[in-house]
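Grab a pencil and work through these exercises with the model open beside you. Try each task before you read its solution.

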Amino acid sequence: MNCITNQVFFFAFTAFVQCFYNSLFSNVENEMKNIRAYITIQKELQSHLFQVSYHVDSSLYPCKIPVMILQPIVENAILHGLASSRKQDRSLSLSAFGKG
């Protein structure tokens with residue numbers, strides 16, 4: 001990793017770890033920030049082998065959810081879906097929509 005890549009990795013890792021110091025519950029907005037940091041880390045570790053798109057309804061941002069509830073799902077998608085894929089254009093799409 002070069003100097004800029006190290007800085008990106010460091011800031012993403014710091015943002016990701018900070019989520020553990022708050023409380024048991026967070027909101028969707030904060031959890032998406034954590035997921036973005038986690039994905040940045042994974043992309044660095046996997047040499048940017050995949051692309052990510054986000055489609056999250058901003059009306060969901062204030063909704064309370066348990067801290068780190070999304071991270072294991074995203075981790076499994078990356079490690080068991082994308083990493084083992086034989087496709088050249090690997091992509092991960094994260095979507096969340098409210099009712100009606």
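**Exercise 1. Find the core.** Which residues of the largest nonpolar core touch the most other members?

*Solution.* Start with the term: a nonpolar core is a set of buried Ala, Val, Leu, Ile, Met, Phe, Trp, Tyr and Cys residues joined through side-chain atoms within 4.5 Å. Buried means under 20% relative accessible area, exposed means over 50%, and partly exposed is in between (1.4 Å probe, protein chains only). The largest such core has 14 residues, and Val28, Ile39, Val74, Ile78, Leu92 and Leu94 are the ones that touch the most other members. Next, look at where the core residues come from: α2, β2 (50–56), α3 and β4 each give two or more. The top contributor is α2, with 5 residues.

Before going on, a word on what you're looking at. This is a predicted model, so local features need pLDDT of at least 70 and side-chain atom pairs count only at pLDDT 80 or more, while totals for chains, interfaces and linings use all residues. Residues are numbered from 1 along each chain as its sequence is written, and side-chain values use heavy atoms, with hydrogens and water left out.

Now zoom in on one core member. Setting aside neighbours within four places in sequence, valine 28 is in contact (heavy atoms within 4.5 Å) with Val56, Leu60, Tyr61, Cys63 and Ile65.

**Exercise 2. Sketch the fold.** What pattern does the chain follow along the sequence?

*Solution.* First, list the pieces: there are 3 helices and 4 strands. Helices (H or I, at least four residues) and strands (E, at least two) are DSSP runs, numbered from the N terminus. Then put them in order, and you get α-β-α-β-β-α-β. Next, check the burial: 33% of the 100 residues in the chain are buried. Last, take the contacts with a separation of 6 or more: 80% of them join residues 24 or more positions apart.

**Exercise 3. Explore the pocket.** Which element gives the most to the lining of the largest pocket?

*Solution.* Define things first. On a 1 Å grid over the protein atoms alone, a cavity is a set of points where a 1.4 Å probe fits but cannot get out, and a pocket is an open set with protein on both sides within 12 Å along at least five of seven lines; lining residues have an atom within 4 Å of a point. Grid points are joined across faces, edges and corners, and a volume is the space filled by probe spheres set on the points.

The largest pocket holds about 230 Å³. It is lined by 14 residues, and those closest to its centre are Met32, Leu70, Leu94, Ser95 and Ala96. Two or more lining residues come from each of α2 (28–45), α3 (71–82) and β4 (90–96). The winner is β4, with 4 residues. As for chemistry, the lining has 13 nonpolar residues, 1 polar and no charged ones. (Ala, Val, Leu, Ile, Met, Phe, Trp, Tyr, Cys and Pro count as nonpolar, Asp, Glu, Lys and Arg as charged, and the others, Gly among them, as polar.)

Follow up on alanine 96, which sits in strand β4. Alanine 96 counts as partly exposed because its relative accessible area is 26%. Beyond four places in sequence, alanine 96 touches His55, Val56, Asp57 and Leu60.

**Exercise 4. Place an arginine.** Is arginine 90 buried or exposed?

*Solution.* Find arginine 90 in strand β4. Its relative accessibility is 18%, so arginine 90 counts as buried. Then look for its partners: leaving out residues up to four places away, arginine 90 touches Leu49, Phe50, Gln51, Leu82 and Ser85. A polar atom of the arginine 90 side chain lies 2.8 Å from the backbone oxygen of serine 85.

**Exercise 5. Walk a loop.** Why does glutamine 46 count as buried?

*Solution.* Glutamine 46 is in the loop between α2 and β2. Glutamine 46 counts as buried because its relative accessibility is 15%. Its contacts more than four places away in sequence are Ile78, Leu79 and Ala83.

Step on to serine 47, in the loop between α2 and β2. Serine 47 is exposed, because its relative accessibility is 55%. Its phi is positive, about 55 degrees, although serine 47 is not a glycine. Most residues other than glycine have a negative phi. Histidine 48 also has a positive phi, near 55 degrees. With a relative accessible area of 43%, histidine 48 is partly exposed.

Conventions. Polar contact = N/O pair within 3.5 Å; in protein donor to acceptor, adjacent residues only side chain to side chain.
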